[in-house]
Amino acid sequence: MDEVKVVLYGVGAVGSLIAKSLLEKKGVKIVGAIDVAKEKVGKDLGEVLGLNRKIGITVSSDVDAVLSKTKPNIAIHATSSYLKDTYPQIASIVKHGVNVISTCEELSYPYYSEPKIAKELDKLAKKHDVTVLGTGINPGFLMDTLVITLTAACQKIEKIEAVRVMDAATRRLPFQKKIGAGLTPEEFKQKIEKREITGHVGLEQSIAMIAAALAWELDEIRVDQVEPVIAKKHVKSEFIEVDAGKVAGLRQTARGIVKGKELIVLDFQAYIGAEEEYDAITITGVPTIKQKIQPCVHGDAGTVAIIINSIPKVLKAPAGLLTMKDLPVPSAAVKDMRKYL
Ligand SMILES: NC(=O)c1ccc[n+]([C@@H]2O[C@H](COP(=O)([O-])OP(=O)(O)OC[C@H]3O[C@@H](n4cnc5c(N)ncnc54)[C@H](OP(=O)(O)O)[C@@H]3O)[C@@H](O)[C@H]2O)c1
């Protein structure tokens with residue numbers, strides 16, 4: 001069988017990590033790379049990835065030219081978080097009859113926030129006989145797919161809670177800036193108001209996916225205002241120092257509510273100096289299940305894995321817009337990719 005041909009659409013921080021991992025992998029071949037960033041277009045992919053060698057693939061902003069020339073089996077799309085922005089990009093891939101896996105957070109469960117776009121995308125994917133999936137570590141796995149999987153051992157469920165606590169000191173500088181590390185509380189508030197800090201995107205998608213899997217009809221999904229986590233003492237990372245009283249990061253919670261009762265609560269915390277890093281899930285029911293992963297799963301490494309491991313599942317899936325809950329049990333594709341097809 002031929003190698004699986006992959007085109008990268010978006011070679012930013014995450015797209016680059018995915019590319020590097022794919023280059024190491026047997027049974028897959030990167031055949032093209034698309035990006036709009038001026039500093040990347042026209043350059044060899046090896047140079048954009050910071051490797052000391054050329055790969056023979058020039059990063060291009062011409063989607064149609066790349067896809068018609070390379071005829072890939074799948075495109076890995078990693079450009080932005082909101083479906084209104086990514087829909088035209090994803091549609092341009094689908095129209096070439098190419099399957100898509102995207103890191104776009106809203107695409108992980110688009111039926112709640114963007115039902116119209118979701119319907120259109122599903123129709124388009126079916127018309128062109130391809131599968132589209134939005135996934136990643138979170139949303140995509142830790143606070144939804146993993147939760148849904150654990151519910152399989154429950155007869156009754158009263159409440160679901162998932163908490164992710166990350167020490168942002170171990171993350172990239174852009175991530176630390178994204179969570180407001182080092183700002184004063186006033187600067188943080190202003191950036192929230194100007195939407196320069198948006199918090200974690202995906203909590204409502206994760207709640208909607210869990211509810212859909214359990215056939216729970218929620219009255220409301222409430223996403224709380226992003227709160228700053230204030231440093232109690234001086235903390236630092238490789239890039240940023242945070243004095244006591246300044247912002248070390250953020251916390252965001254979201255709730256799935258029925259008749260005033262919170263059935264699903266997701267709590268996301270990312271700040272420099274978190275003493276304990278973990279992903280915890282508590283399902284109160286029959287039986288009650290408590291699961292704790294320590295340290296928490298690394299966001300970037302986990303995202304790269306979920307995206308690549310989803311390739312064979314997506315290639316074998318029926319046409320349409322699917323979510324993680326529609327695919328078989330997630331698993332790693334650690335050997336030659338063709339073994340999983
Ligand atoms: N679900 C998850 O668990 C998960 C995990 C990680 C990341 N994500 C999401 O994945 C997305 C990508 O993350 P990232 O950190 O790699 O972002 P990034 O570093 O900003 O990279 C995005 C790249 O895509 C390019 N781009 C933007 N619009 C484009 C377009 N229309 N056509 C082609 N290229 C385009 C950007 O160019 P410019 O720089 O010129 O804009 C940039 O080079 C983000 O929305 C992130 O939140 C999700």
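**Figure 1. A buried glutamate, E114, paired with a lysine.** In this predicted model, E114 is buried, with a relative accessible area of 11%. Its partner sits out in the open: K84 counts as exposed, at 59% relative accessibility. The two side chains meet in a salt bridge, 3.1 Å from N to O. This pair links distant parts of the chain, with E114 in the loop between helix 5 (110-113) and helix 6, and K84 in helix 4, 30 residues apart. Side chains of opposite charge can pair when their charged atoms come close. The structure holds 14 salt bridges, and the E114 and K84 pair is one of them.

**Figure 2. Helix 4, mostly under cover.** Here we stay with the helix that carries K84. Helix 4 runs over residues 83-94, and 9 of its 12 residues are buried. How many of those can we name? The buried set is L83, T86, Y87, Q89, I90, A91, S92, I93 and V94. K84, by contrast, is exposed at 59% relative accessibility. An α-helix has 3.6 residues a turn, so residues three or four places apart point the same way.

**Figure 3. D224, R255 and E262 in a salt-bridge network.** D224 and R255 form a salt bridge whose closest N and O atoms are 2.7 Å apart. That pair links distant parts of the chain: D224 is in the loop between strand 7 (220-223) and strand 8 (227-230), while R255 is in strand 11, 31 residues apart. Is R255 buried or exposed? R255 counts as buried because its relative accessibility is 18%, and the cut-off for buried is under 20%. E262 joins in as well, so to speak: D224, R255 and E262 are linked in a network of salt bridges.

**Figure 4. K233 and E275, a salt bridge between two loops.** The side chains of K233 and E275 meet in a salt bridge at 3.7 Å, N to O. K233 lies in the loop between strand 8 and strand 9 (235-236), and E275 in the loop between strand 12 and strand 13, so the pair ties together parts that are 42 residues apart in sequence. E275 is exposed, with a relative accessible area of 73%.

**Figure 5. A patch of positive charge at the surface.** Which residues make up this patch? K95, K119, K123 and K127 gather there, on the surface. Take K127 as an example: it is placed in helix 6 (residues 115-127), and at 67% relative accessibility K127 counts as exposed.

**Figure 6. A208 and its contacts.** A208 sits in helix 10 (residues 203-214). With a relative accessible area of 8%, A208 is buried. What does A208 touch, leaving aside residues up to four places away in sequence? The contacts are Y109, Y112 and I221. Look for D144 too: the C-alpha atoms of A208 and D144 are separated by 8.9 Å, though the two residues are 64 apart along the chain.

**Figure 7. A13 and T79, brought into one view.** A13 is found in helix 1 (residues 13-23). At 39% relative accessibility, A13 counts as partly exposed. The C-alpha atoms of A13 and T79 are 9.6 Å apart, with their positions 66 residues apart along the chain.

**Figure 8. Two cis peptide bonds, at P139 and P287.** N138 and P139 are joined by a cis peptide bond, with omega about 10 degrees. P139 lies in the loop between strand 5 (131-134) and helix 7 (145-151). A cis peptide bond also joins V286 and P287, and there omega is about -10 degrees. Where is P287? P287 belongs to the loop between strand 13 (278-286) and strand 14 (289-293).

**Figure 9. R195 and K259, with positive phi.** R195 is not a glycine, yet its phi is positive, near 60 degrees. R195 is in the loop between helix 9 (185-193) and helix 10, and counts as exposed at 59% relative accessibility. K259 is also no glycine, and has a positive phi of about 45 degrees. Its place is the loop between strand 11 (247-258) and strand 12 (261-271). K259 is exposed, with a relative accessible area of 78%.

Terms used:
Residues are numbered from 1 along each chain as its sequence is written. This is a predicted model: local features need pLDDT of at least 70, side-chain atom pairs count only at pLDDT 80 or more; totals for chains, interfaces and linings use all residues. Side-chain values use heavy atoms; hydrogens and water are left out. Patches are made of residues with over 30% relative accessible area and no salt bridge: like charges are joined within 9 Å, nonpolar side chains (Val, Leu, Ile, Met, Phe, Trp, Tyr) within 5 Å. Accessible areas come from the Shrake-Rupley method with a 1.4 Å probe; for residues, only the protein chains shown count as cover. A salt bridge is a side-chain nitrogen of Lys or Arg within 4 Å of a carboxyl oxygen of Asp or Glu. Lys and Arg count as positive and Asp and Glu as negative; His and the chain ends are not counted. The place of a charge is taken as NZ of Lys, CZ of Arg, CG of Asp or CD of Glu. Helices (H or I, at least four residues) and strands (E, at least two) are DSSP runs, numbered from the N terminus. Buried means under 20% relative accessible area, exposed over 50%, partly exposed in between (1.4 Å probe, protein chains only). Contact means heavy atoms within 4.5 Å.
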